[in-house]
Protein chains: 2
Amino acid sequence: MVKIQPRILSGFMEFTPAEQIKFNQIKDVIRYTYEEFGFSPLDTPVLELSEVLLAKAGGETEKQIYRFMRGDTDISMRFDLTVPLARYVVMNQNALTFPFKRYQIGKVYRGERAQKGRFREFYQADIDVIGMDKLDISYDAEMPAIIYNVFKKLGLSKFVINISNRKLLKGLMESLGLADKSGDVLRIVDKIAKIGKDKVVEELGNIGLGKESIDTIIRFIEIDGDNKKVFESLQSFGIENETFTKGLSELTEVINSLAVLGVPEKNYKINLTITRGLDYYTGTIYETMLDDYPQFGSICSGGRYDDLAGFYTDKKLPGVGISIGLTRLFASLLDSGLIKVGEATPANVMVIPITNAEKENALSLSADLRALGIKVLTFTEDNKFKAKLNYANKIGVPFVAIIGEDEAKNHSSVIKDMATGEQLTLSLEDVSTFLIGKVMEAAKEKILKS
Amino acid sequence: MVKIQPRILSGFMEFTPAEQIKFNQIKDVIRYTYEEFGFSPLDTPVLELSEVLLAKAGGETEKQIYRFMRGDTDISMRFDLTVPLARYVVMNQNALTFPFKRYQIGKVYRGERAQKGRFREFYQADIDVIGMDKLDISYDAEMPAIIYNVFKKLGLSKFVINISNRKLLKGLMESLGLADKSGDVLRIVDKIAKIGKDKVVEELGNIGLGKESIDTIIRFIEIDGDNKKVFESLQSFGIENETFTKGLSELTEVINSLAVLGVPEKNYKINLTITRGLDYYTGTIYETMLDDYPQFGSICSGGRYDDLAGFYTDKKLPGVGISIGLTRLFASLLDSGLIKVGEATPANVMVIPITNAEKENALSLSADLRALGIKVLTFTEDNKFKAKLNYANKIGVPFVAIIGEDEAKNHSSVIKDMATGEQLTLSLEDVSTFLIGKVMEAAKEKILKS
């Protein structure tokens, strides 16, 4: 028979069992934290009607879509989780209760040019709060609190959530009589980390701004220092403009609430250079950077928007949300050694009968341990004992429980710590007590080291 | 602006938040149980090269595939989780440790004719153990033990895992000198629950079997009773045939091990009428029926196979596995009322400031509760108090913690049980103790009632 060579599509990825276990741990932490803040799960289809999914898309995005016909139906694969959310909220607006808090962790598809760190199928982990007509500003403070809790639980401590409010720069532009340029200015300033200050000055000149306006903009975005100092500097600009005042009051409440929500000052910062390129955002915005890995870019971004679903409805649906590019983040953490993959099995212990004569004892001990919540791999393959231990080593299981003729007779088992090589003989009851203790210790360990 | 009507593709489904929470609980129980038995997670791409994915497919399956070209690449969406497993195992055979135990819970795609209870995108929850060259029979006993544990944890008790071994009927056919008919006979017998005994007799006649052979086959598959009685009856057939003897010895070990693994006899049964239509299966086979809902069909099926990946490799990769059709099972449980959807939020409590003056107190209490592992929704929208309580009612959160002027002053909160309407004023410390107790009580409740 002619064999087909097994392979996967270029730009797609899948993990080894040990990597997948680590990936799932991170995904679980994200999910758990989202639920801790009262977000409800949502799971929309991967396929959507192209007409619906692409109602707003255009340009680069549209080119990347996986789109095909099936019979008469024009189908597209989702390329983010925001458009499906907008569709879901409008479809189900009468059944939902607003503010509607939802999280979705799922795969999205973009047929980008294949390059390192870019995938064509990748996980996004999104949360959004959607209001009907209005949405209180304190939800804007919840977002950085959630980011903080996710990364703290993962074991990362050296990160900064950069926070700004697009109304500030927009208000400044209005006060300078340059309201019509504010979209361009926000887009140019957004690039400062990439292109540098001189280039930003040059580009601001190119769109027709005078030297004085440019100086003011640069002085504005260079405002720096702790939060108190930033607010003083913003006040000292003396801008009398409604948009600016609104932005300042929003930012003030967000920053004050963050302290109440227990987020340490070292993990967030007002940064007026961030603007998020998209016109979509209208207020608070976020970008999160790892202190020691600026090359990762923002690992979690988002912001406030006034209008989630204008292409489906006339109803005003303001919202605020963040998104973690999970697959990319994981690949970066793995590359940089911040994640060390470990066990290739979720089992806490592997039970090994020395010969087939002890197979029933091994199955019975396994069942007893499972009833206590311990995850157990029973190795019943009829191999040499050395091969059995070798399997345990390769798969990385932390403990083995060995049952030979003597142990079967004495209702005991030899427990071996695979990391240290230490072993001790325990009665079957003590085996479970011992392992429960070890499982609880292991649960306290952080997923990442930073 | 012209609005696009938001809608989803026919045959696709998505849930309300309350349904999704229930669905995820069931998915979590399945995942947890799979891990408890030492299965490692796997997450393969949804898209595969058509050449690779369809190496074996044909006929009906191939017609249902979502398949499309992108540039020069012929792409298909996965239609099950078994072919991707075969591809993965062969691609990674040098990195994997055998026996390789993996679970995968993911969406698969089949463009079937739309009809009730059939979906074009649905979850499968699969486990398989794959050996290299050989695989011990005791893994065949693990499968029903896992099914039992899943359904027990869900709160279902009235179900029967039907077990047989294809070698028995195959061996019987060989002993009758009808080895060449055994594929047909297995396929015909497979339909007995649907078409009835008379029709089976008729169809066995149609493929050229004589009356005596048909009588023997019918007597054979009608063997019934408890396990001890079934084994006696099987012995009394006096079949001297290697295949049959092998099947009997395998079945005996599986049944004996099930008792050791703690599976009660009322939840499994040797049933010689089940054969699984597919030629793929070569030994132990399983079908699981709910006692009171035979119309659901088998809610969890699988079996032993000799050759996972013959279309990719010459290596022999025997395995055993089961699959739960999760979306279909969930829809059936929902339809029949066995699942009652409840809360539309994962939160254990909603914290409500009576006015904006207590917003900070509410955020602060929320953060303290979260630090203790309690899931908290903070309601900060500036609504009337009645509207806030109304939101809590609609979203189904079990408790609310109310903070007004007095409570803010006294560091206390009024806790209201939304189910009973009872309320009591507690100091902030006592709020957490009270809620932790309630969360632990709730965790003990079963997901389904049966």
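Mentor: A salt bridge is a side-chain nitrogen of Lys or Arg within 4 Å of a carboxyl oxygen of Asp or Glu. The structure is a predicted model, in which local features need pLDDT of at least 70, side-chain atom pairs count only at pLDDT 80 or more, and totals for chains, interfaces and linings use all residues; side-chain values use heavy atoms, with hydrogens and water left out. Residues are numbered from 1 along each chain as its sequence is written, while chains are lettered from A and ligands numbered from 1 in the order in which they are written.

Trainee: Which side chain meets that of A:Lys3 in a salt bridge?

Mentor: The N to O distance of this salt bridge of A:Lys3 is 3.3 Å. The pair crosses between chains, from the segment before helix H1 (17-36) of chain A to the loop between strand E10 (300-305) and strand E11 (319-325) of chain B; helices (H or I, at least four residues) and strands (E, at least two) are DSSP runs numbered from the N terminus. The partner is B:Asp314.

Trainee: Is A:Lys3 buried, partly exposed or exposed?

Mentor: The classes rest on relative accessible area: buried is under 20%, exposed is over 50%, and partly exposed lies in between (1.4 Å probe, protein chains only). The partner B:Asp314 has 64% and therefore counts as exposed. A:Lys3 has 27%, so its class is partly exposed.

Trainee: How many residues apart are A:Asp140 and A:Arg304?

Mentor: The side chains of A:Asp140 and A:Arg304 meet in a salt bridge at 2.6 Å, N to O. This pair links helix H5 (residues 138-154) with strand E10 (residues 300-305) of chain A, distant parts of the chain. A:Asp140 is buried at 0% relative accessible area, and A:Arg304 is buried at 9%. The separation in the chain is 164 residues.

Trainee: Which residue of helix H12 (residues 242-260) of chain B is paired with B:Lys167?

Mentor: B:Lys167 takes part in a salt bridge of 3.0 Å, N to O, with B:Glu250. B:Lys167 lies in helix H6 (residues 166-175), so the pair ties together parts that are 83 residues apart in sequence. B:Lys167 counts as buried at 16% relative accessibility. The residue in H12 is B:Glu250, also buried, at 8%, and the name asked for is B:Glu250.

Trainee: Where is the nearest side chain of opposite charge to A:Asp80, and which residue carries it?

Mentor: A:Asp80 is placed in the loop between strand E4 (73-77) and helix H4 (82-91) of chain A. A:Asp80 is buried yet has no salt bridge, where Lys and Arg count as positive, Asp and Glu as negative, and His and the chain ends are not counted. Its side chain does reach the backbone nitrogen of A:Thr82 at 3.1 Å, and a polar atom of that side chain lies 3.1 Å from the backbone nitrogen of A:Val83. The nearest opposite charge is 5.4 Å away, on A:Arg110.

Trainee: What rotation superposes chain B on chain A?

Mentor: Copies are superposed by least squares on the C-alpha atoms of residues with pLDDT of at least 70 in both. The fit of chain B on chain A has an RMSD of 0.0 Å, with 0.0 Å of shift along the axis and a rotation of 180°. That is the relation of a two-fold axis. In chain B, the C-alpha nearest the axis, 3.1 Å from it, is that of B:Phe68, and the rotation asked for is 180°.

Trainee: How much area do chain B and chain A bury between them?

Mentor: The contact (heavy atoms within 4.5 Å) takes 104 residues from each of chain B and chain A. Of the interface residues of chain B, 100% are also interface residues in chain A, so the copies meet through the same surface. The rule finds 20 salt bridges across this interface, one of them between B:Glu51 and A:Arg7 at 2.8 Å. Buried area is the accessible area (1.4 Å probe) that two parts lose on being put together, summed over both; here 56% of it is on carbon and sulfur atoms, and the total is about 8900 Å².

Trainee: Which residue follows B:Phe98 across a cis peptide bond?

Mentor: Most peptide bonds are trans. The bond after B:Phe98 is cis, with omega about 0°. The following residue is placed in the loop between helix H4 (82-91) and strand E5 (100-109) of chain B. The residue is B:Pro99.

Terms used:
A polar contact is a pair of N or O atoms within 3.5 Å; within protein, one must be able to donate a hydrogen and the other to accept it, and residues adjacent in sequence count only if both atoms are side-chain atoms.
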